[in-house]
Amino acid sequence: MPMLVVPGRSSAVSGFRLTMLTEKMPFDSGAVSGIRAHYAHFIDLAPEYAAKHAQSLLDAALRNHTPQVTHAITCETPDDVWAVVATLLRAPGETGAPRAPIMLVDDNDASGASTDDGDGALQPNEREIWVLPRRGTISPWSSKATDIFGLCGLGKDIVQRVERGTVYRITFRPDFAIPDVELSKDKQIINAGSDRMTEAIYEACPPAAD
């Protein structure tokens, strides 16, 4: 079923932790010039709602990254639904385009339509790893966020569940030849960047079925 993926702008990880992670990367010293991290939020839409409104919801997100909720709304239109979603997921003071594309993914395809702005396009000297809760698990953050969404008018008939993961963007030195390996399967990266008991690592946003 379609799932809306909404990245944030604010840093998801402290500078100290990013420095530690950089030092644990399995590459030559100095090969990694920096790592950035942002949250990615996954909005699991109810099947009936998604069939009717998923594309319209994405269109609303693309038209206005940071809508303002200035009055009571009833979530009857995709624009109203997006306004509530965006407001709930923004960090304090967060405005502007997200750090990565807003996507609509389904069970077989994680490409979807997306934004083209923000600072989201991967550069030739960059790679990403997505650290997400393991399939079949529900994080404590998800349970609380889903309850809050319901209290704000986005009940299970619209949003079945909200989940959150962390996207790490690794920037390599321009003259460094990045090895042709799957970073998500490297044991050093797995140990440094995730909790193996509760999280899984991907090279990119996985399909909704994953």
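Before you start clicking, one bit of bookkeeping: Ala, Val, Leu, Ile, Met, Phe, Trp, Tyr, Cys and Pro count as nonpolar here, Asp, Glu, Lys and Arg as charged, and the others, Gly among them, as polar. Also keep in mind that this is a predicted model.

**Stop 1: the sheet**

Switch to cartoon and pick out the strands. You're looking at an open sheet of six strands, ordered E3-E1-E2-E5-E4-E6 and paired in the antiparallel sense. Strand E3 (103-105) and strand E6 (199-202) sit at the edges; each has a single partner strand, so one side of each has no neighbour in the sheet. On average, neighbouring strands here are turned by 30 degrees against each other, direction ignored.

**Stop 2: walking along the pairings**

Select residues 32-45 and 159-172. These are strands E2 and E5, which pair antiparallel over 13 bridges. To find a rung of that ladder, show Val32 and look at its bridge partner in E5, Phe172.

Now bring in E1, which spans 3-11. What joins E1 and E2? Six bridges, in the antiparallel sense. Ser11 is the residue to label here, with His38 of E2 opposite. E1 also pairs with E3, again antiparallel, over three bridges. For that pairing, label Leu4 and, opposite, Leu104 in E3.

**Stop 3: helices on the sheet**

Keep the sheet on and add residues 47-63. This is helix H2, lying across E1, E2, E3 and E5 and running at about 135 degrees to E2. Next add residues 140-151: helix H4 packs on the sheet too, where it touches E2 and E5, and its direction makes about 125 degrees with that of E5.

**Stop 4: helix against helix**

Hide the strands and leave H2 with H3, which covers 78-89. The pair pack at an angle of about 65 degrees, and their axes are 8 Å apart. Is the crossing left-handed or right-handed? Right-handed, in this case.

Turn on side chains for the contact. From H2, show Tyr49, His53, Ser56, Leu57, Ala60, Ala61 and Arg63; from H3, show Pro78, Asp79, Val81 and Trp82. Coloured by class, the contact of H2 with H3 comes out as seven nonpolar, two polar and two charged residues.

**Stop 5: the second largest pocket**

Time for empty space. The second largest pocket holds about 310 Å³. To get there, select Pro133, Arg164, Gly165, Thr166 and Glu199, the closest to its centre of the 20 residues that line this pocket. Strand E4 (126-133), H4 and E5 each supply at least two residues of the lining. Which element gives the most to it? That's E5, with five residues. With the classes from the top of the tour, the lining of this pocket splits into ten nonpolar, six polar and four charged residues.

**Stop 6: the largest cavity**

Finish with the enclosed space. There are two cavities of 30 Å³ or more, and the largest cavity has about 140 Å³. Centre the view on Val6, Pro7, His65, Arg90 and Glu94, the closest to its centre of the 16 lining residues. E1 and H3 are the elements that give two or more residues to this lining, and E1 gives the most, with four. Colour by class once again and you'll get eight nonpolar, five polar and three charged residues around the largest cavity.

Terms used: Residues are numbered from 1 along each chain as its sequence is written. This is a predicted model: local features need pLDDT of at least 70, side-chain atom pairs count only at pLDDT 80 or more; totals for chains, interfaces and linings use all residues. Side-chain values use heavy atoms; hydrogens and water are left out. Two strands pair if DSSP finds at least two bridges between them. Axes are lines fitted to C-alpha atoms, for helices over the stretch in contact, and angles run from 0 to 180 degrees between N-to-C directions. Contact means heavy atoms within 4.5 Å. On a 1 Å grid over the protein atoms alone, a cavity is a set of points where a 1.4 Å probe fits but cannot get out, and a pocket is an open set with protein on both sides within 12 Å along at least five of seven lines; lining residues have an atom within 4 Å of a point. Grid points are joined across faces, edges and corners, and a volume is the space filled by probe spheres set on the points. A crossing is left-handed if the near helix is turned anticlockwise from the far one by less than a right angle, and right-handed if clockwise.
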